[in-house]
Amino acid sequence: RVELAARELSGLGVRRGDLVGLFVERSHSMLIALLAISACGAAYLPLDPALPKERLEYIVGDAFGDSPRRFVISQASLQERLPADLCAGAIDLSWLLGTLPRANEHSALEPARGNDAAYVIYTSGSTGRPKGVEVTQSNLINFLVSMRARLGLSRQDVLLAVTTLSFDIAGLELYLPLCTGATVAIATREESSDAATLAGLLARSNATFLQATPATWRMLIESGWQGADALVALCGGEALPLDLARDIAGRTKQLFNLYGPTETTIWSSIDRLPREAREVTIGRPICNTRMYVLGPQRELLPLGATGELWIGGLGVARGYLRRPELTAQRFIEDPFAQRAGARLYRTGDLARRRADGRIEYLGRIDDQVKLRGFRIELGEIEAALRTHPAVTDSAVELCEFGVGDQRLVAWYVAADGHAIDDLELRECVARQLPEYMLPSAFARLDALPRTPNGKLDRKALPSVGAAARQALFVAPQGELELGVAQIWRDVLQVEKVGARDRFFDLGGHSLLAMRAITRLEARFGVRVPARDLMLQNLSQLAQAISERHAQTREPAPPAEARKGSGLLGALRGLFGKPPPEA
Ligand code: AMP
């Protein structure tokens with residue numbers, strides 16, 4: 001099917017070197033489309049259907065530029081959300097994977113080569129514009145070959161894939177099983193975001209590998225998941241707290257901490273953490289990868305000294321698509337390498353190398369943060385806020401509200417000195433940025449604190465408390481509404497919860513949602529879907545609970561993809577020879 005789909009794409013004009021947008025939900029068919037794109041020699045561009053229209057349009061415009069060669073694969077159920085200028089030429093996924101051999105069966109394919117791009121992934125940009133990281137086939141192959149050796153997957157293994165394609169680590173979940181003979185079980189977006197469903201899927205699919213961010217692991221554990229003896233836990237994407245590491249390691253066969261920026265291809269270092277771990281490090285580099293802790297003059301620092309982490313080797317991506325200046329700022333010629341053309345990527349991470357070669361992660365040197373695994377440049381949210389006509393200045397911070405409970409808080413200065421309605425500000429940001437970048441609270445200041453040289457003085461920003469919310473208050477009524485309100489108050493740690501409030505608007509995020517869902521279920525015997533909890537107001541949710549009382553929803557079985565003869569051809573092309581050890 002991969003080959004047929006590839007020939008079909010080729011018949012539609014997709015050629016080696018092209019970029020193909022993928023605007024689809026996660027499924028087995030998505031994986032076939034990914035392989036087919038590669039088999040045509042093209043690269044894919046994930047377009048997450050959950051993104052707001054403006055951001056999708058920006059990404060499409062930036063990625064394709066003026067090129068008339070705009071290919072996008074979509075599906076009927078998402079057609080309405082497709083950016084307007086792509087509608088006409090969009091290729092329908094089910095049509096593409098139709099089983100009947102078609103006229104293009106014999107069209108020639110020119111598979112990708114090492115230096116061709118494999119994918120372009122957009123990440124948050126500090127100046128307000130997201131940037132596309134261009135990763136090559138050989139970057140990806142080096143990563144897969146390395147992880148295959150390190151993790152030792154085999155035909156008996158089952159990996160449960162839970163990550164959105166627009167996060168590069170989905171590449172491990174989708175391709176590593178295919179190049180080791182293991183099985184990949186693909187969970188849908190809904191299944192991945194609900195702890196109980198995820199725990200059920202882990203058991204039913206007999207998963208032996210699960211890769212997730214610390215937030216997802218915490219969500220699972222907080223929901224009461226007891227663990228699985230045969231499961232290898234892969235955790236990465238942001239710092240792994242020691243307590244969580246112990247909780248995961250105590251419930252699974254093995255735990256690995258994985259570290260790496262998108263710019264050096266998925267993961268660059270790995271560490272195995274024992275059950276009785278007393279510290280968490282990001283370990284040592286994967287194959288053909290070098291990590292350097294450098295000082296301000298780019299000089300090598302001695303063991304134990306804190307400096308910036310730079311990464312070199314075969315994982316270093318080509319750079320930012322169509323952004324040569326930005327690429328030159330972050331990717332430099334590698335002064336330590338013998339290989340001609342080798343480059344180093346500047347991570348912005350603070351680190352220290354220990355005597356045993358392991359590397360400790362110590363935080364960031366800039367305003368990039370991680371929230372539930374998502375990479376966010378605070379400057380991008382600040383820029384989005386400043387597009388509001390009455391906002392003259394803005395600052396956004398990630399504040400800790402409790403264990404595993406971090407929220408974004410925005411401060412702004414208004415042109416006429418008056419406070420602007422929170423909802424209006426939220427809508428302004430929501431039009432431009434993904435949901436995970438929306439501040440939970442907004443607070444007005446007369447002026448932002450500045451250092452003597454005019455830079456924002458983040459440390460001098462006031463503390464905002466649980467919420468800086470000024471919504472119209474309608475008191476909850478009746479036993480059900482009052483009961484839901486009490487659970488929200490406890491979980492969100494806010495003093496007042498109104499009948500018209502939405503969980504999300506009160507600072508609720510996916511982890512808190514899981515806590516609330518568990519408590520609502522315990523109290524009312526009804527399991528509410530996370531999406532309803534986030535988007536309905538309290539009164540609507542109470543109504544839904546009363547309607548659904550005693551009803552239970554059976555989750556759909558996972559879509560499964562197994563390595564077989566149909567995929568072999570494309571896989572051979574993809575995972576040809578391992579790159580030589582540098
Ligand atoms: P991304 O490009 O989304 O993969 O984000 C990369 C950044 O996430 C890194 O530069 C680190 O700041 C952070 N990060 C990723 N994995 C880890 C980890 N295991 N421990 C600490 N920080 C991490």
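Buried means under 20% relative accessible area, exposed over 50%, and partly exposed in between (1.4 Å probe, protein chains only). The model used here is predicted: local features need pLDDT of at least 70, side-chain atom pairs count only at pLDDT 80 or more, and totals for chains, interfaces and linings use all residues. Residues are numbered from 1 along each chain as its sequence is written, and side-chain values use heavy atoms, with hydrogens and water left out.

**Exercise 1. Place Leu511 in the fold and decide whether Leu511 is buried or exposed.**

Step 1. Start with the secondary structure: Leu511 sits in helix H16, residues 510-524. Helices here are DSSP runs (H or I) of at least four residues and strands (E) of at least two, numbered from the N terminus.

Step 2. Apply the cut-off. Leu511 counts as buried because its relative accessibility is 4%.

Step 3. Look for its partners, taking contact as heavy atoms within 4.5 Å. Not counting residues up to four places away in sequence, Leu511 touches Ala215, Arg218, Met219, Glu222, Arg372 and Gly404. Glu222 is 289 residues away along the chain, and its C-alpha atom is 8.8 Å from that of Leu511.

**Exercise 2. Find which polar atoms the ligand meets, and how much of its area the protein buries.**

Step 1. Search for polar contacts, which with the ligand are pairs of N or O atoms within 3.5 Å. An oxygen atom of the ligand lies 2.6 Å from a polar side-chain atom of Thr262. One ligand nitrogen is 3.0 Å from an N or O atom in the side chain of Asn257, and a ligand nitrogen is 3.1 Å from a polar backbone atom of Gly237.

Step 2. Turn to area, computed by the Shrake-Rupley method with a 1.4 Å probe. The ligand taken alone exposes 500 Å², and the protein buries 97% of that.

Step 3. Ask where the shell comes from. Strands E11 (254-259) and E19 (359-364) each supply at least two of its residues, with E11 giving the largest share, 3 residues.

**Exercise 3. Work out which residues of helix H14 are buried and how they are arranged.**

Step 1. In H14, residues 422-430, the buried residues are Asp422, Leu425, Arg426, Cys428 and Val429.

Step 2. View the helix down its axis, using the directions from the axis to the C-beta atoms. The buried residues of H14 fall within an arc of 160°, so they line one face of the helix.

Step 3. Recall the geometry behind such a pattern. An α-helix has 3.6 residues a turn, so residues three or four places apart point the same way.

Key. A polar contact is a pair of N or O atoms within 3.5 Å; within protein, one must be able to donate a hydrogen and the other to accept it, and residues adjacent in sequence count only if both atoms are side-chain atoms.
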